[in-house]
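Student: I am new to this structure and would like a close look at a single part of it. Could you walk me through the nonpolar core and what surrounds it?

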Amino acid sequence: MPVLKRLEGQLRRWRRLAAPVTWAGDAVHCPVCDRSFRGFRPAGSKRARRPNAVCPYCTARERDRLTFLFLTSASGPGPGGPLLHIAPEACLEPRLRRLADGEYTTADLIRTDVDERFDLMEIPHHDAAFHAVYCSHVLQDVPDDIVAMAELFRILRPGGWAILNVPVTAETTVDHQDEPRHVRRPGDRRPDEHLRTYGTDFPQRMGSVGFEVGVIRPTDLASPQEQARYGIDGAATGTVYFGVKPE
């Protein structure tokens with residue numbers, strides 16, 4: 001199996017390096033890697049296939065491209081202090097590392113290609129250890145998201161910020177603790193996925209642990225033409241949930 005994993009990794013690398021040629025064109029533009037293509041790669045399973053979703057070169061998804069636009073916008077957070085990146089996306093690491101001013105830490109519960117491994121409901125860092133946190137599409141898989149958000153709030157310095165993005169597909173958040181929406185196969189050590197379906201009340205859930213919450217949508221960052229060109233004009237793009245810890 002390790003040999004197959006290495007081969008799979010090599011194939012992905014070769015496909016990425018060949019992308020500027022195989023996907024050559026100017027119909028879309030990825031702001032993350034600053035490259036243009038004839039289109040973005042599709043993503044998702046047959047039942048939830050998303051066309052025009054993933055950058056062929058840096059693999060940035062719709063939500064990653066939206067986040068990058070916010071981070072590089074005039075309204076985005078400036079650099080400063082240590083930053084904690086949960087379940088790190090490789091495409092966003094360079095930008096977040098620059099914001100961290102050299103104090104950048106990655107973490108995950110299961111992955112081994114990170115600096116630290118821990119449970120979000122019990123973070124092994126002292127109060128006010130970080131200036132910023134980035135955690136995208138993770139909280140829906142955490143047994144108690146309120147406890148996890150309270151922990152992320154605790155480790156932030158006053159005036160610090162957190163981006164806690166989640167998929168919102170309902171009006172009100174519904175828990176699926178007894179019956180996760182995706183049960184892992186036998187032998188897969190990762191937790192079962194999607195223990196809740198988030199609703200539009202998510203900002204209130206963030207606010208309940210102390211965050212001052214801002215909601216940033218594609219329309220706040222780009223014109224309709226730019227949204228189409230950046231591939232952030234579909235429902236899968238979502239929104240950026242930006243929380244600040246009051247001083």
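Tutor: Happily; here is a walk through the core, one helix that feeds it, and then some charged pairs elsewhere in the chain. Please keep in mind that this is a predicted model.

Let us begin with the core itself. The largest nonpolar core holds 33 residues. Within this core, the members that touch the most other members are Cys 30, Cys 55, Cys 58, Leu 83, Leu 96, Trp 161 and Ile 163. Several elements each supply two or more residues: strands S1 (28–30), S8 (130–136), S9 (156–165) and S14 (240–244), together with helices H2 (62–71) and H3 (93–99). Of these, H2 gives the most, with 5 residues. As general background, nonpolar side chains in soluble globular proteins tend to be buried together.

Trp 161 is a good place to pause. Leaving aside residues up to four places away in sequence, Trp 161 touches a long list of partners. Among them are Leu 71, Pro 77, Gly 78, Leu 83 and Leu 99. The list also includes His 131, Ala 132 and Val 133, as well as Phe 242, Gly 243 and Val 244. Apart from this core lies another one, of 29 residues, which includes Leu 84, Ile 123, Val 142 and Val 166.

Now for helix H2. This helix is mostly covered, with 10 of its 10 residues buried. The buried residues include charged ones such as Glu 62, Arg 63, Asp 64 and Arg 65, and also Leu 66, Phe 68 and Phe 70. Leu 71 belongs to H2 too. Its relative accessible area is 2%, under the 20% cut-off, so Leu 71 counts as buried. Not counting residues up to four places away in sequence, Leu 71 touches Pro 77, Arg 95, Leu 96, Leu 99, Trp 161 and Ile 163. Leu 92 is 21 residues from Leu 71 along the chain, and their C-alpha atoms are separated by 9.9 Å.

Let us turn to the charged pairs. The whole structure has 10 salt bridges. One of them joins Arg 229 and Asp 26, whose closest N and O atoms are 3.1 Å apart. Arg 229 sits in helix H7 (residues 224–230) and Asp 26 in the loop between helix H1 (2–22) and S1, so this pair ties together parts that are 203 residues apart in sequence. Arg 229 is partly exposed, at 27% relative accessibility, whereas Asp 26 is exposed, with a relative accessible area of 53%.

Another salt bridge pairs Asp 145 with Arg 196, with 3.7 Å between the closest N and O atoms. Because Asp 145 lies in helix H4 (residues 145–154) and Arg 196 in strand S12 (residues 196–199), the pair ties together parts that are 51 residues apart in sequence. Both Asp 145 and Arg 196 are buried, and the relative accessibility of Arg 196 is 2%.

Arg 196 also meets Asp 175 in a salt bridge, at 2.9 Å from N to O. That pair links distant parts of the chain, with Asp 175 in strand S11 (residues 174–175) and Arg 196 in S12, 21 residues apart. Asp 175 is partly exposed, with a relative accessible area of 45%. Putting these pairs together, Asp 145, Asp 175, Arg 196 and Arg 205 are linked in a network of salt bridges.

Conventions. Residues numbered from 1 in each chain as written. Predicted model: local features only at pLDDT ≥ 70, side-chain atom pairs only at ≥ 80, totals over all residues. Heavy atoms only, no water. Core = buried A, V, L, I, M, F, W, Y, C linked by side-chain atoms within 4.5 Å. Buried < 20%, exposed > 50% of the residue type's maximum accessible area, 1.4 Å probe, protein only. Helix = DSSP H or I, 4+ residues; strand = E, 2+ residues; numbered from the N terminus. Contact = heavy atoms within 4.5 Å. Salt bridge = Lys/Arg side-chain N within 4 Å of Asp/Glu carboxyl O.
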